[in-house]
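The following account leads through selected features of a single model. The reader is invited to keep the sequence and the coordinates in view throughout.

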Amino acid sequence: MNREKIRKAYNELAESYNKLIDHKPHNAYYDRPNTLSLFESVKNKSILDAGCGPGKYAEILLSQDAQVTGFDLSSEMIKFAKKRNTNQGTFFVHDLNEPLTMLEDNSFDFVLCALALHYLEDWSLSIKEFHRVLKEKGQLIISIEHPFFEYNYYKSTEYFKTEPVKCTWRGFGKPVEINSHRRPLGECLASITENGFYIDKLIEPKPLKEFEKLDRKHYKELNEFPAFMCIRAIKK
Ligand SMILES: C[S@@+](CC[C@H](N)C(=O)[O-])C[C@H]1O[C@@H](n2cnc3c(N)ncnc32)[C@H](O)[C@@H]1O
């Protein structure tokens, strides 16, 4: 089952992912600054970080006086999220494919889901649950792999299909196979707009200058074609 493969892969990756996440160019100087730019002030706001990984986003949001609850499929990632944010925030293991029964209706100002949704075959249950736990006019902030990038990267020939894809990550020490799902842009947006949200802002991000010093090749490529997409959606 795909979810077991993903859990195993992220459990294996967790230690080096946690070690590298502060400065890994695609995260630190591409995804995070662009996704975080979608938040207005988070001071005293409650944030659910879905697919929180080793808690780097949580660390930043907690440092800005937000209250953060994070969950992840990988128990190893959750260990690092707790260690990174000792005595702050709440972190637990949970699968995005399952209802968030432990969380109350209308309890969060923001839901953040960074670079995690593409692991799911179907986003609708997660988006419905994000809608349920958000307060009135609460904001869903997500980053995903750009559907056009994935279509090219995975050499797909069936744009309109949602299909399982896999690749091997070599940037975290030992190579690890990563299984996910690619889908067309319309499917990504419909999952959001058909489950109680309107889209308020969409960014096709550009890398920060710091990226160039660490990885010139990808800096150039990301200035020519986006790999990620960041979206802010508001609960209707
Ligand atoms: C690329 S990492 C991103 C981590 C974090 N959001 C960040 O940006 O630093 C993807 C994370 O999604 C988690 N993930 C994958 N599938 C998941 C699922 N079904 N439920 C919860 N988390 C999941 C992985 O374990 C991993 O920690």
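Relative accessible area is used here in three classes: buried means under 20%, exposed over 50%, and partly exposed in between, with a 1.4 Å probe and protein chains only. The model is predicted, so that local features need pLDDT of at least 70 and side-chain atom pairs count only at pLDDT 80 or more, whereas totals for chains, interfaces and linings use all residues. Residues are numbered from 1 along each chain as its sequence is written, and side-chain values use heavy atoms, with hydrogens and water left out.

Helices (H or I, at least four residues) and strands (E, at least two) are DSSP runs, numbered from the N terminus. Helix 1 covers residues 2-20. The expected span of a helix is 1.5 Å times one less than its number of residues; for the 19 residues of helix 1 this gives 27 Å, which agrees with the 25 Å between its end C-alpha atoms. Helix 1 nevertheless bends by about 55° at alanine 14, the bend being the angle between axes fitted to the seven residues ending there and the seven starting there.

Alanine 14 is itself buried, as are Ile6, Ala9, Tyr10, Leu13, Tyr17 and Asn18 of helix 1. The buried residues of this helix pack, with contact meaning heavy atoms within 4.5 Å, against helix 2 (25-36), helix 4 (75-84), strand 6 (163-169) and strand 7 (176-182).

Backbone geometry draws attention to two further residues. Aspartate 65, although not a glycine, has a positive phi of about 65°. Aspartate 65 is placed in the loop between helix 3 (56-63) and strand 2 (67-72), and its relative accessibility of 42% makes it partly exposed. Lysine 137, also not a glycine, has a positive phi of about 60°. Lysine 137 lies in strand 5 (residues 134-145) and counts as exposed at 61% relative accessibility.
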